[in-house]
Amino acid sequence: MNALRLIYVGWLFQFKQLSRSSFDSFLAILWPLFFATVAFFMFRQGGNPDALIYAGLGAAVMGIWTATSVAAGSALQRERWYGTLEILVAAPAHFSLVLLPIGLATACIGIYCMVTTLLWGRVLFGIDFPLDEPLAFALAVPATLLSIGALGFLMAVAFARYRTAWALGSMTEYPIWLICGFLVPLALLPNWVPPISWALAPTWGMNAIRESSTGGTPFPDIAMCIVLGAAYVTIGVLLTNSVLRAARAKASLSLT
Amino acid sequence: MTSLRIFFIGGVTAYRGLINWLSPWIFIPTLVVTPIFQILLFVYIGRSAGVQSDEFFVIGNAVQYASIPCLFSMTHAIAGERYQQTLAYILVSPAGRLPLFLGRALPVVVNAWAVSVFSLIVTGLILGIDVPSSAWPAIGLVILVASFSCTGLGLICAAIGLRVRETAVLNNVIFGLLLVFTGANVPIDEFPGWMQAISNRIPLTHAIEAARDVAQGSSLGDVSGLIATEFAIGVVYTVVGYLALRVMEYASRQRASIQIA
């Protein structure tokens, strides 16, 4: 129960903090709109209305990853700048309970991006988004957010030893957009790419959202999304122990 | 002679001092890997939408990505003085402002050119783009002019950065606008009239068109009009940027807001 309370309070605190940062909220909302606009023009030029819906939904989910990649990747570095990293590590609660809410909060900022992009597509490009399975859609969106948040948590831990973690986080933005099928069907990518995509929860989250909107079988995708999210959290917790052990042994937590 | 020294040596020294964050740990992810993936992303979106050729997106995005170093480095090369608490010393120095500010732009242009050419070559190799070897010098020249003109826009951002704290947000927004309006991924004639009017008045649009034409076999002479227009746009933005810097400098003195951060 304490763990759940810590996750909730941590999430709320981080979400409020991120919402007040022009870089992490305003820019995170605006940034995918530029790419969505270009994609809408390209698909409209292609003349296929179904493709425009495909692109609209993909562009909406792109924003969740945008909000997560830089902010979660650099979460530890941010705590270093604030001077709170050592205090958080020394706290009695497991450090992963501090980091996980950061990943979840960054992903939840993506809700703003998602809504904005869908409205952008509807108002400016006249994209009429269908909603074939509202219940599945209502499950697919939080499942995607949680799993992307879990991936953000894993990145935050994995980049713990890098001073320039934000650059590494930023570097993952386009590759994830590309290989998770946000705007490009996996079938178009080289044969060696889809196996990588299948290990990434955003791929399944995207599928789930798309199939619940346009019709299909979203529930297996939702399940896969949750399973992968849980796997990221498990790996992240184990990695946290190992990273903290190494940082303590080498006295390198502050990277100074 | 003093002005030349300030322009060349001062410019390089300031660039090295202020852009010290551009270590390999940042340079490689942001200026080597990311442009390659931006190009690949749009190439595959183009294939998915069934529009344009791979070459269209490779050239468009490689030239457009020059804007990242142009905007971010140029802004930081001037506004970054504030973060290091040295802006006031720069502004009270007797150094001529023209060589002082423009000298910082020169390394930015060189860096932007290198980033753009590198991403063009690498993605060209990955995707098997067939650009005649005779076209490369002309493409290199076009990218140089594009880097110059976009650095002019960077100067304007730098001036704004003397009064606005959130320069990273500002630069990202301008990069996004350039992505949409320069025709890097969508032919300009697909845009509504008001967007075309903007496209024709901003850096990179004409350079992207010129680079595409050269890759298709046009000679440098054939695209000289486009290059001249791009250069002229660059001159206008540079002059506006320089004047904006002087205005901001004056306003900062008047309002005692030099170290506003």
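**Close-ups of two chains and their helices**

**Figure 1. Helix α2(A) meets helix α9(B).** On the α2(A) side you'll find A:S22, A:F23, A:F26, A:L27, A:L30, A:W31, A:F34, A:T37 and A:V38, and on the α9(B) side B:A168, B:V169, B:N172, B:V173, B:G176, B:L179 and B:V180. Two residues are in contact when their C-beta atoms, placed from the backbone, lie within 7 Å. Sorted by class, this contact has 12 nonpolar, four polar and no charged residues. Nonpolar covers Ala, Val, Leu, Ile, Met, Phe, Trp, Tyr, Cys and Pro; charged covers Asp, Glu, Lys and Arg; the others, Gly among them, count as polar. Keep in mind that this is a predicted model: local features need pLDDT of at least 70, side-chain atom pairs count only at pLDDT 80 or more, and totals for chains, interfaces and linings use all residues. As for labels, residues are numbered from 1 along each chain as its sequence is written, while chains are lettered from A and ligands numbered from 1 in the order in which they are written.

**Figure 2. Here are α2(A) and α9(B) again, this time for their packing.** The pair of helices is described by the angle between their axes and the distance between those axes. Helix α2 of chain A (residues 22–46) packs on α9(B) at about 5 degrees, and the axes are 9 Å apart. That makes the two helices, α2(A) and α9(B), roughly parallel. The label goes by angle: under 35 degrees is roughly parallel, over 145 roughly antiparallel, 65 to 115 roughly perpendicular, and the rest oblique. The axes are lines fitted to C-alpha atoms, for helices over the stretch in contact, with angles from 0 to 180 degrees between N-to-C directions.

**Figure 3. Chain B turns one side toward chain A, and α2(B) gives the largest share of that side.** The whole contact takes 29 residues from chain B and 31 residues from chain A. On chain B, the elements that give two or more residues are α2 (24–49) and α9 (167–181). Of these, α2(B) supplies 16 residues. By class, the chain B side has 17 nonpolar, nine polar and three charged residues. Helices here are DSSP runs (H or I, at least four residues), as strands are (E, at least two), numbered from the N terminus.

**Figure 4. Helix α12 of chain A runs over residues 218–250.** This helix has 33 residues and reaches 47 Å from first C-alpha to last, close to the 48 Å expected at 1.5 Å a residue. The expected span is 1.5 Å times one less than the number of residues. Its buried residues include A:D221, A:C225, A:L228, A:Y232 and A:G236. Buried means that 20 or more other C-beta atoms lie within 10 Å of a residue's own; 12 or fewer is exposed, and in between is partly exposed, with C-beta atoms placed from the backbone. The cover over the buried residues of α12(A) includes α6 (96–125), α7 (134–158) and α11 (201–214) of chain A. Right after the helix comes A:A251, whose phi is positive, near 50 degrees.

**Figure 5. A:L146 sits in helix α7 of chain A.** A:L146 is buried, with 22 other C-beta atoms within 10 Å. Setting aside neighbours within four places in sequence, A:L146 is in contact with A:L104 and A:G229. The C-alpha atoms of A:L146 and A:A201 are 9.6 Å apart, even though 55 residues separate them along the chain.

**Figure 6. A:F129 is in the loop between α6 and α7 of chain A.** With 14 other C-beta atoms within 10 Å, A:F129 counts as partly exposed. Its contacts beyond four places in sequence include A:I53, A:L118 and A:S213. Another partner is A:G56, which lies 73 residues away in sequence and 8.0 Å away in space, C-alpha to C-alpha.

**Figure 7. Two loop residues of chain B, B:Q52 and B:L204, get a close-up.** Most residues other than glycine have a negative phi. B:Q52 has a positive phi near 55 degrees, and B:L204 has one of about 85 degrees. B:Q52 is in the loop between α2 and α3 (54–64), and is buried with 20 C-beta neighbours inside 10 Å. B:L204 is in the loop between α10 (193–199) and α11 (205–215), and is buried with 31.

**Figure 8. How confident is the prediction in chain A?** pLDDT is the predictor's confidence in each residue, from 0 to 100. Chain A has a mean of 90, and 100% of its residues reach 70 or more. Chain A's confidence is lowest in helix α4 (residues 75–82), at a mean of 84, and highest in helix α10 (residues 194–198), at 97. Chain B also averages 90, with 98% of the residues scoring at least 70. The model scores ipTM 0.92 and pTM 0.92.
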